[in-house]
Amino acid sequence: MTLEAQLKLSAFQGKILEAVATGSDFHSVADLLCREAEQIAPDAVCTIVRIENGLIRPVAAPSLPDSYAEALDGVPIGPEVGSCGAAAYFGEPVQTTDIDKDPKWQPYLGLIAPHRLKACWSSPIKTRDGRTVATFAFYFRENRGADDAEKELVKRCVHLCAIAFEYAEINAHNEYLAYSDQLTGIGNRRSFDTAFFDPELLSAPFGLLLIDIDNLKIVNDSLGHCAGDTQIASVAKRLAALAGKNNAFRLGGDEFAIICRGCKDHASLRQKAYMALDAVTQPIDTENGTLSPSVTIGGVLNGIDGTAPEQLRQNADMALYHAKQMRRGGYVQFDPSHKSTILRRIAESRDLLEALDEDRVIAFYQPVVSLETGRITGVEALARIRRPDGRIATASEFQMAFDDARNTSRLTAQMIDLAFNELRYWLDEGLPIEHVAINLATADFRPDDLEERLMSALERTGLSPHRLQLEVTETVLMEGHVAQPMANLRKRGVRVALDDFGTGFASLTHLLHFPVDVIKIDKSFVEKLMTDVPSAAIVEALADIARKTGLDVVAEGVETYAQAERLAELGCDFGQGYLFSRPVDAAAITDLLRTTLPVRDPAALQPRQKRA
Ligand code: C2E
Ligand code: CA
Ligand code: CA
């Protein structure tokens, strides 16, 4: 080979490698490669096809019209399929010096004739692991084979083509890794951002649903990370099946998004959300038994709940956050009021934190009274904040702060401290009190030392566990990591009360799953008692069950004698409410404990007594 030819080849090689190294895609490199090769060998026509799943996929044929590529696209490779089909099939170079006479070219003569191609030398392009991924074809317009210089050129082309292909494959794989979630195979946060901030998407109607798996941590903690992963993967798969793989994304840990293209109104978005809830919550069979995932969904509509993508995204977050607090396991459509609720929650949290820091959190106590005798059997400790101006804020004014884990354990510690010391004092004074009740929120169970803390506080004050009643709502009990510590504490003799019965799921079967000692009937029930037949029937049935199973039933929010009497008639033994006493400070409750409270209307009794 002449020096000039060698220099030309080196320059050619350098140019192709540069294109590869600067990240050009396989199509562009293949096209460049064919054009440059044709410059060096002006008699030749070069083409490159990819082989995908045994089918020919034309990539570059710069000197042939598009119709040529179109005709070949999708043709299966085979021993009789032209030079390229055969080269791919055998994984060996295939040379034909007379296309017109070659049997494997016969079906394609019509395709090739207009271009006056007479001879073809096709070489398979193989990756290092031996896969034939493409072919490089060198055509002549005469019946001849390649000369030495052309052979050298083809050799280089084949080598360069293999490099370009492998490079493109690695790039594609890296891209896949960068944009897809490893565990589930669906798009990741980056992929979501690309899809979501796409101007084309944003210019049309669509809905965005943010989906969060409930209690994933509990699954991880109790059944292991494998079970957690299984749950995540199945949620992803079900969402992708529902929304299409390109519209379902895993944004992180337990959070997913689906884009509902074309969704125009709240009704159809809601329908989509419920379909997602339905699909995702189907049970999953695993080695360790059946898992039933639960998810919470928040949703927004483009153009209605915001137009700027950042705004939309933020509002969707807000709807999800709201749903997590208020409708776990359900769907919430964004509403502008969510913003003020969240701001309020933040303000209440800050208030409580400040009060804890400044030692302004105090306990008020409300008596629980026997509806039979008027004797105070126990008291419930309720948190209060002393405002800087001296006003006492009730718990309902900062109730949202109880959901914030940062506050809860400090608040509970403070309440335990205050209430236990007070109870110690009452008992030492010989006052006839049986127990004190403390309210717990979900966040109390997050650090897993609740049991320890309570037991050591009891020990420190020399109180027996049956002096303590812990009040939790059904919503709290439903959290998987709550049942076990509560069961342990019960075993030690602590009384467990189901608070606000009738506002949550109000399912009696929960009582079987989470055995409790006390049921506190919510004040909304008591309020309806006098007018609503079903409420009375439920109270009566509950009292009946309670009697048979040794439970105490306490009616909350008793405000009138009529209610107290009716409750007693229905078989409810205890009452709590403004009728007997509002929650009051330690000094006031100490005085009350020395008394018996009237449970029948003195005004109604007196005339009768007079008559008698
Ligand atoms: P809860 O446990 O159901 O407490 C009863 C609430 O009803 C108290 O409100 C009490 O003042 C009010 N109440 C009592 N009797 C009557 C009545 O006859 N009529 C009416 N309308 N209301 C009555 P409060 O103190 O504002 O507490 C609200 C909620 O805050 C409590 O509901 C409880 O869930 C929570 N809470 C209070 N203190 C604590 C605490 O120390 N820790 C935790 N985690 N939660 C607490
Ligand atoms: Ca309570
Ligand atoms: Ca209650």
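**View 1. Residues around ligand 1 in the predicted model.** Ligand 1 is surrounded by 25 residues, of which Gln366, Arg384, Ser396, Glu559 and Tyr578 come nearest; a residue counts as near a molecule if one of its heavy atoms lies within 4 Å of it. This is a predicted model in which local features need pLDDT of at least 70 and side-chain atom pairs count only at pLDDT 80 or more, whereas totals for chains, interfaces and linings use all residues. Side-chain values use heavy atoms, with hydrogens and water left out, residues are numbered from 1 along each chain as its sequence is written, and chains are lettered from A and ligands numbered from 1 in the order in which they are written.

**View 2. Polar contacts of ligand 1.** A polar contact is a pair of N or O atoms within 3.5 Å; within protein, one must be able to donate a hydrogen and the other to accept it, and residues adjacent in sequence count only if both atoms are side-chain atoms. A side-chain N or O atom of aspartate 499 lies 3.0 Å from an oxygen atom of ligand 1. For asparagine 439, the distance from a side-chain N or O atom to an oxygen atom of the ligand is 3.1 Å. Glutamate 380 places a polar side-chain atom 3.1 Å from an oxygen atom of ligand 1. The ligand taken alone exposes 790 Å², and the protein buries 88% of that (Shrake-Rupley method, 1.4 Å probe).

**View 3. The interface of domain 2 and domain 3.** Domain 2 spans 189-334 and domain 3 spans 354-594, with bounds from an automatic or database domain assignment. Here 4 residues of domain 2 are in contact with 4 residues of domain 3 (heavy atoms within 4.5 Å). The two domains bury about 310 Å² between them, 48% of it on carbon and sulfur atoms; buried area is the accessible area (1.4 Å probe) lost when the two parts are put together, summed over both. On the side of domain 2, Ile218, Gln325 and Arg328 lose the most area to domain 3, together 80% of what that side buries.
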